Structures are given as C-alpha cells and as structure tokens.
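Q: Could you take me through one part of this model slowly, explaining each term as it comes up?

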Amino acid sequence: MAENNLSPPGEVNEGPPSIPNELPILPLKDTVVYPLTVYPILVGQERSLLLVNDVATSNRLVGLVASQDPRVDLPGPGQLYTMGTVARVAQMLRVPDGTVRLVVQGLERIRIVGYTQEQPYLRASIEISREQAESTVEVEALMRNAQGLFQRMAALVPHMPEELSTLVINVDDPRHLAYVLASALRMDLSLRQELLELDSVRTKLERLVTFLTRELEVLELGKKIQTQAQNEMEKTQREYLLRQQMKAIQRELGEADEQAAEINMLREKIEQANMPEEAEREARRELGRLERLQPASPEYSIIKTYLDWLTGMPWKKYTEGAIDVPRARRILDEDHYDLEKVKERILEYLAVVKLKRERTSESELSREPILCFVGPPGVGKTSLGQSIARALGRKFVRMSLGGIRDEAEIRGHRRTYIGAMPGRIVQAIHRAESADPVFMLDEVDKVGADWRGDPTSALLEVLDPEQNKDFRDNYLNVPFDLSHVMFITTANLLDPIPAPLRDRMEILSLPGYTEEEKLRIAENYLVSKQVAANALNKDEVSFEEEALRRIIREYTREAGVRNLEREIASICRKAARDKAEGQEGTIVVTPDLVTKYLGRPPYFSEVAEIIERPGVATGLAWTPVGGDIIFIEASLMAGSKGLLLTGQLGDVMRESAQAALTYIRSNVRQLGIPANFFENSDIHVHVPAGATPKDGPSAGVAMTVSLASLLMGKPVRQGVAMTGEITLRGRVLPVGGIKEKVLAAHRAGIRTVILPKRNEIDLDDLPPALRSEMTFVLAESIDEALRAALPEGSFPAPGAAKEEPVAAGVGDRTREAAAESERALADETPG
C-alpha cells in the first residue's frame, strides 16, 4: 500500500501553493479530475456558484470530488467518493446565462477525513494521499507500451489533438503519464475513480495498458469495417460510372444497353410464345415491373427467372403427326411380345383420334386416356410407355413418384419462397418442349404423405380429364392445359392407391409371363440386346431353345423377365471373355454350357418330391410380385382333440383350417374315416417358409385336401395344385388372382389345377398356349375337389367299410384300435 502523508494541524506546505488541511468541496457529476492535469468545469448550481465566488477571493484552492450517482443534483457528504483531487482555479469566466466556466489545475490527490460544513456549501478536513513512487524497469516498460498504444490509437481517432500526442510522448514521470492518459481517454466514472484511488503507479499503468489494448482493438475493427464499407461504396460508384459510360457509348453507337436488350428479348419471347390470354397478361405485367427495377435489385433476378419459365413453356406445341394405325401396331409388336389388351387399347385410341380428325372439323385434339399399368416387377410396364410414345410419334418423359411426400413436388412452390421452382410436372413438360408428350408416372402406389401435404391429392387434379385442362402450378400461377398429355401410371399393387385416384385411371393388368412367353421374349428381344451390349456379334454366340428353357426353369423364378435378362447377360459376358482369350468360331450355348457358365441351379421342382406322402397338398397363392405355390402339410399324432397351426398364418388362413377340419369331421362317413379319429389325436397343420407371413382365403381347398389325404392315407396326385375358399356346407367359393396363380403353377411344373367353378370366366385371360398345356378342374363342392386331387377309388361306397383306409388314416394306432373304429363306423351306417 502507498504511504499516506498526513498534514499536521494548520497549513501543510507541499510546495507552492501551500495546501490547507480544510478545503471547500465542489461535487462533480460524471467527472474525475486528476492531479497534474488541467480540466475545464462548468458551474451552474447556486451553492456551487457561491463556493466559486468565495474561492476566487481567497487562495483559489478547491477540493474536487466525484458524485457516486450522477443523477443526484445536490449530493450530500454520504453521496460523494472519499478520494478526490485538490485543484487550483486557473481561469474563471462568467457567461450571460449565469453559469461560470472554470479551468482548474489538479495538484495532489486528497482523502476526505470528515465534513466540517454543509451549508451554504460543503467543506471538509482533508489529508494529502500521494501515490507510491516507483522507478523500475517494469514501470519503464509499461510507460513505453502505454505511449505506443496511445499513439496508435491517436492515429485512428481523427479528432485527437496533435498536442496531446506530443505531450504523451514527452512525459517522463510515470505518475504524470498515468494521469494524462486517464484524462485523455473516454472511460466510465467507476473506472476513472478506480484509477484515482489506486496507490501504486505501476498498477495504474497496467490498468491503462489493458484499457488501451481493448480500445485499440475496437478502433481497428471499426476502421476495418469502415474501410470495407467504403470500398463497397467505391466499387458500386465505380460500377455505376462505368455503366453510365457504357450507356453513353451504346447511345453513340446506336445500340441499346444490356438491360434494355434483355427486356426487349423477353418481350419478343412473350410475343412468340403463343400464350393463352391470361398467361400473356401476367407475363406483360411482370415485364413492366422488371423494366422499373435496377439489375442489382434482388427482385430483378426473381422476375426474370419467372419470365424465362413462362416463355419457355410449350403452350401450343404439339409433336403428334399423321396417325398410321398399322405402323403403330408394328412398333408395339416389335418392342413387346404379347400384352394384347394394352396394345388393343392403344390402337383403339389411335383409331378414334384418326376418325375424329377425318370426319369432324374440330381442331382440338381429343381427350387423352389415363392408363394405369399394374403388375409385378419386370413385366415391362415402363418400357411399354416408351413404345407407346414411339408408336404415337410423341416425346416421352418419365417421373418417379416413389417416396414423394411433399405436395410442392407436384404443384410447385409459391414465388414468395426463396429458391422457389415449378413442380416436377411442369418441369418435365418444359424439358419435353411439347404440350402432348407421353408422361409416365412410375410407382404411383408408393407415394407417401406427411405434414407437408398429401401428393396423391395433388395428383387428383393432374390425372382428372375434367380438371387438368386448367392445371395451375403454384409457381407459374397461370393455367396450363394438360388435357393433351397422355398420362400413364405404373404400380405393383392397387390397394395402396387411394380410391379417388384409382377411379380416375383405366386399370390395365400385366400379371406376368408364361414359360413359353418368356422363351419367345428371350429369343426375340433379350438375347440380341445382351449380345450387342456385351460387344459381341450375332454370329459369335447363339442360344439353343433348350438352353433358354433351362435358364427359365432352373435359374429364375419370377413373374417378369428381369432376372432372365441378367442371366443371359452373365452368359454373354463369359462368352465375351472366351472370345477375348482367343476362342474361335461360334459359341453355341447349350444346356450343359448354361450349367458351366452359371453354376448350380438355385431352383428345382419341389412338387413331385414333397407330395409323395399323405397329408401334403399344393396350394396356389397371390403375391405382390406374381403368383406362387405353397405347400400345406398335415400330421396326426396322439393327443386330445388339438389343432396346431404353424407357419405364420394369418387369421383368415387359421379360420380356413378350422373350417376344413369341421367339414372333415362332419363327413367322416362319406370319406371313409373313423368317426372317433379325433378323440385321442392331435392334428398339426404347417405351411413351410415360416419366416414369411401368410394370409388369405385361397388355401381353404388345399387345407381340406391335405387333411383328407392324411386321414384317408392317400397321397395327393402328382402335379396337382388347387385354390379356392370353402364353406362348412362344402361349397367352393371363387377367389382372385387366377392368372397369376396358374402362371405360378405352370412355372413349378404343375399341369393340373383345381379352381372354383365360378372362376371359369377368368380362364379367358390365360394365353391359348398355356390353356392347351394345362388341365383345369372346375369344382363347385369339396367332394369334386377331393375326387380330382386324390387317387381313384379313394372314396368308399356308402355303408362300406374299408380296413385299409382306416388303418392308414390312424397312423400310429394299434390294429385293435383301428378295428374298433371300423365297428363303430359300421354301427352308425344305416342299412
């Protein structure tokens, strides 16, 4: 701590002038006066003016003490700091408004011991409190650092007097330097008072260096910001001047400026776009706004982009020419095998359009159909759309709807959003440069929905012939006619498509191909395509028919031909490798070479192997990727009337099993089964592939046949599959997916299929070649299905008892139990 030199009673001589031990105290607002500095003060309060008048007539010494709260007008003793400065009034000037301007010179730091007078002004006993004098290398370093920082700061502050900078450089006393710097800097009152009250000069300098460093950083950052802003302004001004000069040069050369040329170009585009009246009116209104904007305006680029989209739309550009129906038929046949229903529908549409053009005076095109191709993957839905476009002579555009969740993907964003763009429908039409393309919307059954909207609701307007003639995209905000666009959608399933959307489309089913159809597709399309894709010539590789059949039967198991094409491509790649290694001549792909190239077959015929034992029946099921076969296995074991169902069966299949068992138990006499076969037995029904969930009513017939085969001890005939729903009365009800199920049976090598009688009409959907290879048993009742599925002679005459069926049906029972069952059956049989 610094040493305090207390004054003895009377006057204390501390150099001229001498400082008394009692002084009048002048409170200061938001100001601290330091020793060894000169400071101007404005005095206006009545008591302060009285104090100044008394001081001016005496020794001109006054104590200057800062008020703790500058908002207090007349601070009392308790509201003033205890540390202040004794100063001499060097100048005094009275002004007309009644105030007095003083120039005071700080002499020494004083501490107030106590107040001796409060009226008419404050007086107090004081003691001189000098700072601790230090003269070390550290203090010298602090002085130089403070002087350097102040010089750098003075260079950044334009209003800093040059004399002050000179004074700071020439001050040698550390205490004097500290007070001069503190007086020159803008600081808070608390920091100013803190500097005054610090006893160590070194500490004062440390605080000042810290403050100067921070102030210098703020000033340098402000200078940098100011420089950047000034450079931007200078750049803008320079660009403005250059543009003005360019305009002047262009005027002298008779050329328009860049903005005017751009606007004139847009005006020409609007005139040539052949827009409808509303769209042209909107385009000219936006062009008028664009003319009034500066190119540097953010809205300028937004309007220009909008006009580019508006003028780039194919408002009345059509690509379809003269209609040639035979040519269209040839194109469809060249690209796709079979698919007669789809081809007929397209040719019907072309015929109607052709006749309408020839027999009416209408210039407008007819309303386009909206087709929906539904079928498993790989049956050619997307490629069929490309063929339709080629047959019609139109542009083809495609858009995948899979996973779309935002309605704006269809209708576009409003122009109020930053980065707004038209919807994907308008973007595709813009890319096609035609108002009548064939537009394929893939995966319409996989559209999602969330908080951003439901895209399927937006598709309702797009796919409705009554509404899409005035389709209004949110971005364009003018109607665009989509009625000339031929929309084709694709889906694997119909169920996920909302009913209102499904109602707007014409559904065309593409269920899958038979083995013969796949063979013809491979011969006519796939082989030549993959030979060319793998850099081979037609005379370098050829496929035998039996080789292709082996690939279809043993290396693929699908409704379409996608995997078939992959296997053919694999063989072509291996043939290309053989050719690259020097093999001569034509490589003929035989069945044995297929096995060599593709390895062990992943598929084989399971039917003949599995159904050699009683209790196993082959059912037919529909799946999202086509039809498939399923096996129903039943087993009898000792127990007590239990029915165990396994294989991840759904509720409907479980109920079918219960109904089948109920029918068997209620018709034991007709089936030749002991009446009490279920008393001490459990039945286990299992559907293999337990990891796959299964459900549906189509397994009712197969489950009944499986149970009957088990209990009668007769295996189901080889190569027989069945489908149909049953009732407790033994009726066989119709089911869906007949074509897919028959195709699955054909792929698995099954040639006899038991179907419900009421599904006979569905056989018309089967290809004639397939119908000629298959045998169909149309059953109205379970009895008819059982007679077709089980070997001949399996059903006893009424009232007859056969030992063999009973013994075979009870499995592990003893022969005595079988005989007892026969006697019970004979007792219940009338006559």
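Q: How are H2 and H4 oriented to each other, roughly parallel or roughly antiparallel?

A: Before the helices themselves, a word on the basis: this is a predicted model, in which local features need pLDDT of at least 70, side-chain atom pairs count only at pLDDT 80 or more, and totals for chains, interfaces and linings use all residues. Residues are numbered from 1 along each chain as its sequence is written, and side-chain values use heavy atoms, with hydrogens and water left out.

Helix H2 covers residues 137–156 and helix H4 covers residues 174–184; such helices (H or I, at least four residues), like strands (E, at least two), are DSSP runs numbered from the N terminus. The two helices pack at an angle of about 30°, and their axes are 11 Å apart. Here an axis is a line fitted to C-alpha atoms, for helices over the stretch in contact, and angles run from 0 to 180 degrees between N-to-C directions. H2 and H4 are therefore roughly parallel to each other, a label given to angles under 35 degrees, while those over 145 count as roughly antiparallel, 65 to 115 as roughly perpendicular and the rest as oblique.

The crossing of H2 and H4 is also left-handed, meaning that the near helix is turned anticlockwise from the far one by less than a right angle, whereas clockwise would be right-handed.

As for the residues that meet, H2 contributes Val 139, Met 143, Ala 146, Gln 147 and Phe 150, while H4 contributes Pro 174, Leu 177, Leu 181 and Ala 184; contact means heavy atoms within 4.5 Å. Sorted by class, the contact of H2 with H4 holds eight nonpolar residues, one polar residue and no charged residues. In this scheme Ala, Val, Leu, Ile, Met, Phe, Trp, Tyr, Cys and Pro are nonpolar, Asp, Glu, Lys and Arg are charged, and the others, Gly among them, are polar.

Another helix can be viewed through a single residue, Ile 270, which lies in helix H7 (residues 258–272). Ile 270 counts as buried because its relative accessibility is 1%, where buried means under 20% relative accessible area, exposed over 50%, and partly exposed in between (1.4 Å probe, protein chains only). Leaving aside residues up to four places away in sequence, Ile 270 touches Met 275, Glu 280, Ala 283, Arg 284, Leu 287 and Thr 311. Of these residues, Ala 283 is 13 residues from Ile 270 along the chain, and the C-alpha atoms of the two are separated by 7.1 Å.
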